[in-house]
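Please report on the enclosed and open spaces of the following model and on the residues that line them.

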Amino acid sequence: MKILVTGANGFVGRNIIAELRNRGYSDIYPFDLDTDPALLDRYTGDCEFVFHLAGVNRPSETWEFMAGNRGFTAQLLNSLKNNRNPCPVLMSSSIQARLDNPYGQSKKAGEDLLFAYGQASGARVLIYRLPNVFGKWCRPNYNSAVATFCHNIARDLPITVNDPGVVLNLVYIDDVVDEFIKALSGNETRHGDFCSVPTVYTVKLGEIAELIYSFKKSRKDLAIPNMADGFTKKLYATYLSYLPIDQFSYPLKMNVDDRGSFTEMIRTPDRGQVSVNISRPGITKGNHWHHTKNEKFLVVSGTGVIRFRKVDSSEVIEYRVSGEKLEVVDIPPGYTHNIENLGDTDMVTIMWANEPFDPERPDTYFLGV
C-alpha cells in the first residue's frame with residue numbers, strides 16, 4: 001500500500017512512519033514544510049491512503065492558524081480531487097475543535113472541509129479529535145506539558161505548575177499509532193462521525209509533575225515505578241526518552257571489602273530488590289537463614305557451589321553453579337545457605353530478594369552451613 005503522510009517530521013508523523021516501516025510498509029510518501037511542493041500532486045495521484053497529520057498550533061500570527069489548518073487541508077483535498085483519487089483520508093484533529101478560539105476554529109474548519117470532501121467524493125474519511133498526546137519525540141517547551149516537564153526535570157530546570165488540580169486527558173503516542181494503523185486496515189474505533197483512541201488517561205497536572213520528579217529520584221533510591229499502572233509505565237518510558245545523551249548512565253553504591261562486592265541495583269516495595277554480588281576466588285559468602293525472606297541466585301560468570309542445610313538438620317545439600325550454564329537457584333526460608341567461589345576468577349551472581357532489606361526487620365540469622 002502506498003501511504004501519504006503529511007506532517008511527516010512532526011511528533012505523530014515521525015512515530016507513525018517508524019512503526020509503518022516496522023510493520024513492513026515500504027511505500028511511504030513523507031510530506032512536510034521542507035518537501036518540494038510539486039511532490040504533493042504526484043503523491044496524491046499515486047497514494048492509496050492518507051495520514052493527514054500536518055497542522056499549525058503555535059504560530060507567530062493568529063491568521064496562521066487558519067492558513068495552516070484549513071488552508072493546507074484544502075490544498076491536499078483539491079490535489080486528491082484533481083487526481084480523481086478517492087482513497088481514504090485520516091485526519092488528526094483536536095478536542096479543541098469544540099472550542100471558540102483561533103486554534104479550535106481552524107481545526108473545525110479543516111474537519112468541515114474533509115467531511116464535505118467525503119460526501120462529494122465518496123472517500124472514506126476518518127477524523128480523530130485527539131486530546132493531549134504524550135510520548136517520545138514530542139517537542140518540549142512547545143505545546144505539551146508532559147514533554148516540557150520531562151525535558152526540564154531531567155536537566156534540573158524549573159517547571160511551572162500554575163494549578164496542580166487541572167485535569168488533563170491524555171493519549172500515549174504508541175496507542176495513537178496502533179489505532180491509526182488499525183484504521184488503515186478498516187478497523188477504526190468510531191463514535192458517530194468521529195473516531196477516537198480507545199485508551200485515554202485522566203490525570204491531574206500536579207500528579208504528573210510528582211511522578212516525573214519521582215522518576216528522577218529513582219536513580220538515587222533505586223525505586224522502579226509501578227509498571228502495573230498503564231499511565232505510569234508509559235510516562236516513565238517517555239521521561240527516559242528525554243534524558244540528556246550524556247546522562248543515560250548513573251553510578252551505584254558498591255559495598256566493597258576483601259571478599260568482593262555487593263551492589264544493589266533495583267528496589268521496589270512489592271517486587272523486592274535486585275543486586276549484583278561479586279565473590280573473589282576461594283571466598284564463601286552467606287551462612288545465614290531467613291524465616292520468610294526468600295531469594296533467587298543466578299551465577300552469570302565464574303563457577304561455584306551453593307550449599308543448603310535445614311536449620312534443624314545435619315544434611316548438607318549442594319548445587320553446582322556456573323556462568324556456562326545459566327540456571328536460577330531458589331533460596332527457601334528455613335535453610336541456612338552459603339555460596340562459594342570455586343574458580344580462579346571473580347564469580348558474579350545476580351541476586352533477587354522478595355523484599356527490600358529493612359535494617360529494622362532484617363529477617364537474617366547467621367548460622368554456618
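Helix 3 gives the most to the lining of the largest cavity, namely three residues; together with strand 4 it forms the set of elements that supply two or more. The lining consists of His52, Ala54, Gly68, Asn69, Thr73, Met91, Ser92 and Lys107. The model is predicted, with local features requiring pLDDT of at least 70 and side-chain atom pairs pLDDT 80 or more, while totals for chains, interfaces and linings use all residues. Residues are numbered from 1 along each chain as its sequence is written, and side-chain values use heavy atoms, without hydrogens and water.

A cavity is a set of points on a 1 Å grid over the protein atoms alone where a 1.4 Å probe fits but cannot get out; a pocket is an open set with protein on both sides within 12 Å along at least five of seven lines, and lining residues have an atom within 4 Å of a point. One cavity of 30 Å³ or more is present.

| Space | Volume (space filled by probe spheres set on the points) |
|---|---|
| Largest pocket | about 1400 Å³ |
| Second largest pocket | about 760 Å³ |
| Largest cavity | about 40 Å³ |

Of the 40 residues lining the largest pocket, Gly55, Val56, Asn57, Tyr142 and Asn143 are the closest to its centre. For the second largest pocket, with 32 lining residues, the closest to the centre are Phe262, Asn277, His288, Glu295 and Met351. Strand 12 provides the largest share of this second lining, five residues. Helices (H or I, at least four residues) and strands (E, at least two) are DSSP runs, numbered from the N terminus.
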